[in-house]
Amino acid sequence: MINTWAEKNISDRKDKEYSKAKKKMSRVQKLYETCKQIFANCGHGVVPCPENVERVKAVLAEADVGLRPNMPYLIRSTVSDGPPKIMYLHLHECDKFSIGIFCLPPSPVIPLHNHPGMTVFSKLFFGKMHIKSYDWVDNLLPHQSTPNANISNNDTRDWTGLRLAKLKKNSEFTAPCKTSILYPADGGNMHSFTARTACAVLDVLGPPYCDPEGRHCQYYYDFPFPNFSVKILNGIRRHRRRFYLHQRRWRCL
């Protein structure tokens, strides 16, 4: 009798665990099906219509993939053998969109990088993360977008190859919070992440990175807008939310 009860208890528990896992998988499947529909006719630089953006946000609002902050690879070891490792869980990728999850233990940084021609949805599942993001200043002529010889004579830095950008976000976010969305030319297309605690972030990219189509991931350094004289850059004055971005020489794969 005792064995029968124990076996039934174990069976019931397994059924509940299976039901939970199935529910989580159905939510991931729902996200996949939604992205498949809304990105079907999108391409480089094409933004989904507002209604479709809301559809993805609604699915992400209820998404749960079963990750928890106490999982072994999210706990930073006290015996450090190098920088904290970031894990990427690849869920899906096709020529229209990709879905993946970044798992970060406390303190690592995903450096400042871009998303050319892409719409990106980012959902923070748990943890606290600092996000800093930029968009290009797009109301300048090409020769106005980089510093020139009119920079102060006291400034000895090498400003060649820089481009002017505007700061969009520089804040900490704690889950649960709203889904972050960036667009090809707005919303902070270039961003960096710093994990304050163990974090998990799900990213939907539409379309995904693709070198042959001009969507390679480029990393940047950022420098504060220098102290130009008032006449520089056709009247653009000093502004705390203006920075120059400089491409690093290496790119992500």
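Buried means under 20% relative accessible area, exposed means over 50%, and partly exposed lies in between. The model used in these exercises is predicted.

**Exercise 1. Classify the two partners of the Glu-172 and Arg-196 salt bridge as buried, partly exposed or exposed.**

Step 1. Take Arg-196. Its relative accessible area is 41%, so Arg-196 is partly exposed.

Step 2. Take Glu-172. Its value is 44%, so Glu-172 is partly exposed too.

Step 3. Check the bridge. The closest N and O atoms of Glu-172 and Arg-196 are 2.8 Å apart. A salt bridge needs a side-chain nitrogen of Lys or Arg within 4 Å of a carboxyl oxygen of Asp or Glu.

Step 4. Place the partners. Glu-172 is in strand E6 (residues 162-174), and Arg-196 is in the loop between strand E8 (190-195) and E9. They are 24 residues apart, and the pair links distant parts of the chain.

**Exercise 2. Find which partner of the Lys-132 and Asp-222 salt bridge is buried and which is partly exposed.**

Step 1. Locate the contact. The two side chains meet at 3.3 Å, N to O.

Step 2. Place the residues. Lys-132 is in strand E5 (residues 128-136) and Asp-222 is in strand E10 (residues 218-224), 90 residues apart.

Step 3. Apply the cut-off. Lys-132 has 19% relative accessibility, so it counts as buried. Asp-222 has 28%, so it counts as partly exposed.

**Exercise 3. Describe how Lys-30 and Glu-62 are joined, and where each one sits.**

Step 1. Their side chains meet in a salt bridge of 3.1 Å, N to O. The structure holds six salt bridges.

Step 2. Lys-30 is in helix H1, while Glu-62 is in the loop between H2 and E1. The separation is 32 residues.

Step 3. Lys-30, at 42% relative accessible area, is partly exposed. Glu-62, at 37%, is partly exposed.

**Exercise 4. Work out the geometry of the aromatic cluster formed by Tyr-32, Phe-39 and Phe-97.**

Step 1. Start with Tyr-32 and Phe-97. Their ring centres are 6.0 Å apart and their planes are at 50°, so the pair is tilted.

Step 2. Tyr-32 lies in helix H1, and Phe-97 lies in the loop between strand E1 (87-93) and E2. They are 65 residues apart.

Step 3. Go on to Phe-39 and Phe-97. This pair is stacked, with 6.1 Å between centres and 25° between planes. Phe-39 is in the loop between H1 and H2, 58 residues from Phe-97.

Step 4. Add burial. Phe-97 is buried, at 2% relative accessible area. Phe-39 is buried as well. Tyr-32, at 22%, counts as partly exposed.

**Exercise 5. Trace the largest nonpolar core through the helices and strands.**

Step 1. Count its members. The core has 24 residues, and Leu-31, Phe-39, Phe-121, Leu-202 and Val-204 touch the most other members.

Step 2. Assign elements. Helix H1 (2-38), helix H2 (50-61), strand E2 (98-104), strand E4 (119-126) and strand E9 (199-206) each supply at least two residues. H2 gives the most, with four.

Step 3. Follow one member. Leu-31 touches Val-59, Leu-60, Ile-99, Leu-202 and Val-204, leaving out residues up to four places away in sequence.

Step 4. Look for another core. A second, separate one has 10 residues, including Ile-110, Met-129, Ala-175 and Val-201.

Technical notes
Residues are numbered from 1 along each chain as its sequence is written. This is a predicted model: local features need pLDDT of at least 70, side-chain atom pairs count only at pLDDT 80 or more; totals for chains, interfaces and linings use all residues. Side-chain values use heavy atoms; hydrogens and water are left out. A nonpolar core is a set of buried Ala, Val, Leu, Ile, Met, Phe, Trp, Tyr and Cys residues joined through side-chain atoms within 4.5 Å. Buried means under 20% relative accessible area, exposed over 50%, partly exposed in between (1.4 Å probe, protein chains only). Contact means heavy atoms within 4.5 Å. Rings of Phe, Tyr and Trp (its six-membered ring) pair if their centres lie within 6.5 Å; planes under 30 degrees apart count as stacked, over 60 as edge-to-face and the rest as tilted.
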